[in-house]
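Have a look at the model below before reading on. We'll walk through its charged pairs, then its nonpolar parts.

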Amino acid sequence: MAGRGWAGDEPVAVMNAALQAFGAEPAAAAPARTEPDAPLFMPAGAFRGAKQGYYFGTGPHGTGYYRDAAQPLDEAELAAAARRHDPAALLREAEAQADAAEVQLLDERSLRKMLNAFDKKAKENLELRMKYADEPMKFLDNEVDLMSLIRSLAQVGADPNTLYPLLLDSAAVPTLAGLLSHDNTDIAVEVMDLLQELTDADEEEDNQEVAGQLVDALVEANALELLVERMARLSEGNDEEAGAVHHALAVIEHALELRPALAEVLLARTKLLKWLLARIRVRGSDSNKQYASEILAILMQGHEANQRVLGAANGIDALLVCLAGFKSREPADAEEAETMENLFDALCSCLLLPANRASFVSCEGVELMHLLLKGRKSSRYGALKALDFATTRSPPACDRLVEVGGLAQLFAVFMARSKIKVRSGGRERSDRDVAREVEERCVSIISNLFQGVTKASRRERLAAKFVEAEFEKVDRLMEICFRYEAGVRACEARLARAALDAEEEVDGDELLLERMDAGLFTLQSAMVIAAALWATGDAGLRKRLLACLHQRGQSLGMVRAYLREFYASLGEDSAPEERERQLARLAQLLAALGVDVAAEAAAGGGDGGGDAAAGAADGGAGGEGMELEGGEQQQQQQQQQQQQEQEQQPPARDAVADAGGAAAGGAEPQRAQGNGVAAEQPSQGQPEQPLDGGEGRERSRRDEREREGERRKERSRRSRSRSRSRSCSRERRRHRSRSRDRGEDGHRSSGSRQKRRRSSRSRSR
């Protein structure tokens, strides 16, 4: 029968029958086995000898050992399979391996051996590459071993205090720096990963100290320059190289955290800024773009030299181009939201320089921020912040913001009608914190506009906003003033109590910092706005301001005190002409309130401490922690009480125009409009009264009261005469109107009679 099958009668059928019979036997025997589950496939690149229960071959899972159901498993294999299915055994095995590795890595002797082997392999690799430059297979095994040693060095970070000194004493750091420029990209990638692990110090002070020493060694070996050069040559289309870029940026971040002074060194010695500006302009969102924006913000924050370098490299325009993409859309995810916030942070840091503010205006940055405010997206928060920085001591930016119509959006946010919400981008902020910061930004921008707008017409447009809707913006402004003034006073009282309990004086610097944290700058900005509204000379604005102040038991003395302090504490700037212009504007506002800054400076009363004390005596500036001499305190209280009595007089009808412009004229007297108080400057022909000495001050106040009484009488006589003249004029106009009406009526009646006579004659004919 077999012969017939082989001879060709039915060879295919005989072969199929044989195969079915061969496969049926193990299939029948398989259910009877009671062996534990073993892996069906074990991968292997080459045949490594026979394994009981497996056969070697290439199948659907690749090349390796496949389970052979016809063969019984080996006893060792059965035990291994049982262990693989026992979680407790796996855990014990992993802990034993970890303990063994830890003991080995924490051994200083083993670390020295590893460092020696690493140095030997690196030198051997250099020699082999020079000798067999065209035969890569000659040094392939050496580079594999070198990469393995680099990975092993990452475990040095397990005990920085013990192992980092050994690493620094060896030649490993210069060797690692040299390997960053290796021809094999895989080796450079491994080095970047290692440096990222080693420079990532814990929050403990000791770990940060040794990590800082490692950063110093890397700087000495020019590792940061080589790192930036290698990062610029990597292609982020490859996942491994993209990860290496992320590790390189992490090394830079860790180095800046440990040694902040390296920020200026990095931009001076490397092309990092050029790479960062190019990277943030790439379309789309990814982790490396977000990291690049964060590094850029860190480099710009608090480093004037870097801000100047970015401005010279046309970086302001690059930042604006990146932010323009958020005009009509929200960030795609939290990563892109964080990127947007980092770009705004970098832009605001650069706007601290006057040259960068000028570039911001020329690159149409004000227009872009206005569009972002109108867009009602999450970018409005950053746009408001950027406008605050851009309008500080920058008249061109202030004029441009008024020209483009930004007042409508600004005051909508100021009145809290247009809410600004911040999309979470990795920074935790409560809605209350965001609302407070937005409020402070709005007050600061409006104050900058009143100080920076150059044309009177634009200043009038700004002041007209406070007249709209029955002075609701004045009410909002004064509500902010009183709220922040209460916070500052509470802070001062708390520090005074703490100093009293400790039986020591209040430190001036500490007091200033605490007051600033309590909102002193926002309070001073609000006082600038109030003084600017008073200086406009508008009767309605002045009456509303006085009404709000008197409602809280305050007077203009509070505004004067904080404005004096702001004038005295105005800091230096890299543009002295802008500072002088701002000081001149503040002097005009103080003059409108009846304060002669030049006279006070000549008399020696222009420092901030005296102003704060005067405000405390008036009840407007707080100052519980500052005490005065008994006689001086009593005299200042009497003077402030007289000013309050004068401010409570009924408003006069013959108000004059802008008091600030009169102060600029110099010789023209300034007369208040809302409360009937005249604050005249001494003329050239009138000698000034001496301010020092109790008798001189008392005589000066008595003469001033007499002159004030005469001026009030004169204004009253003028007011009555004008009233009489206006009433006589009204009577004459009414008389002429009645006479004209009678004449016209008589004229019309006589004409009608003549028409009737003519018609009757015609009918009779």
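Is Glu600 buried, partly exposed or exposed? Glu600 counts as partly exposed, at 22% relative accessibility. Keep in mind that this is a predicted model, and that goes for everything below.

**Charged pairs**

Glu600 has a partner: its side chain meets that of Arg564 in a salt bridge, at 3.2 Å from N to O. This pair ties together distant parts of the chain, with Arg564 in helix H30 (residues 556-568) and Glu600 in helix H32 (residues 597-603), 36 residues apart. Arg564 has a relative accessible area of 14%, and since the cut-off for buried is under 20%, Arg564 is therefore buried.

That bridge has plenty of company, as the structure holds 33 salt bridges. As a general point, side chains of opposite charge can pair when their charged atoms come close. Here are three of the pairs side by side:

| Salt bridge | N to O distance | Relative accessible area |
|---|---|---|
| Arg564 – Glu600 | 3.2 Å | Arg564 14%, Glu600 22% |
| Glu514 – Arg494 | 3.4 Å | Glu514 26%, Arg494 40% |
| Lys473 – Glu468 | 3.5 Å | Lys473 4%, Glu468 35% |

Take the middle row. Glu514 and Arg494 are joined by a salt bridge between their side chains. Here too, distant parts of the chain are linked: Glu514 belongs to helix H27 (residues 508-517) and Arg494 to helix H26 (residues 468-502), 20 residues apart. Glu514 is partly exposed, and Arg494 also counts as partly exposed.

Now the last row. Lys473 counts as buried at 4% relative accessibility, whereas Glu468 is partly exposed. Which residues share a network with these two? Arg417, Lys465 and Glu472 do: salt bridges with shared partners join them with Glu468 and Lys473 into one network.

**A buried arginine**

Arg279 sits in helix H14 (residues 272-280). With a relative accessible area of just 8%, Arg279 falls under the 20% cut-off, which is why it counts as buried. What does its side chain make a polar contact with? The side chain of Glu236, at 2.9 Å. If you skip residues up to four places away in sequence, Arg279 touches Glu236, Asp286, Asn288, Lys289 and Ala292.

**Nonpolar parts**

On to the greasy side of things. In soluble globular proteins, nonpolar side chains tend to be buried together. In this model, the largest nonpolar core has 163 residues, and Leu296, Met369, Leu449, Phe466 and Leu533 have the most contacts inside it. Helix H28 (residues 520-535) gives the most to this core, supplying 12 residues. There's also a second, separate core of five residues, among them Met42, Ala44, Tyr54 and Tyr65.

To get a feel for the largest core, click on Leu296. Apart from neighbours within four places in sequence, Leu296 is in contact with Leu273, Leu276, Leu277, Ile280, Leu310, Leu319 and Ala346.

Some nonpolar residues are out on the surface, though. Met137, Leu140 and Val144 form a nonpolar patch there, with about 300 Å² of accessible area together. Val144 lies in helix H6 (residues 140-153). Why is Val144 called partly exposed? Its relative accessibility is 46%, and partly exposed covers the range between the 20% and 50% cut-offs.

Conventions:
Residues numbered from 1 in each chain as written. Predicted model: local features only at pLDDT ≥ 70, side-chain atom pairs only at ≥ 80, totals over all residues. Heavy atoms only, no water. Helix = DSSP H or I, 4+ residues; strand = E, 2+ residues; numbered from the N terminus. Buried < 20%, exposed > 50% of the residue type's maximum accessible area, 1.4 Å probe, protein only. Polar contact = N/O pair within 3.5 Å; in protein donor to acceptor, adjacent residues only side chain to side chain. Contact = heavy atoms within 4.5 Å. Core = buried A, V, L, I, M, F, W, Y, C linked by side-chain atoms within 4.5 Å. Patch = residues over 30% accessible without salt bridge, like charges linked within 9 Å, V, L, I, M, F, W, Y side chains within 5 Å. Areas by Shrake-Rupley, 256 points an atom, 1.4 Å probe, with all protein chains shown as cover.
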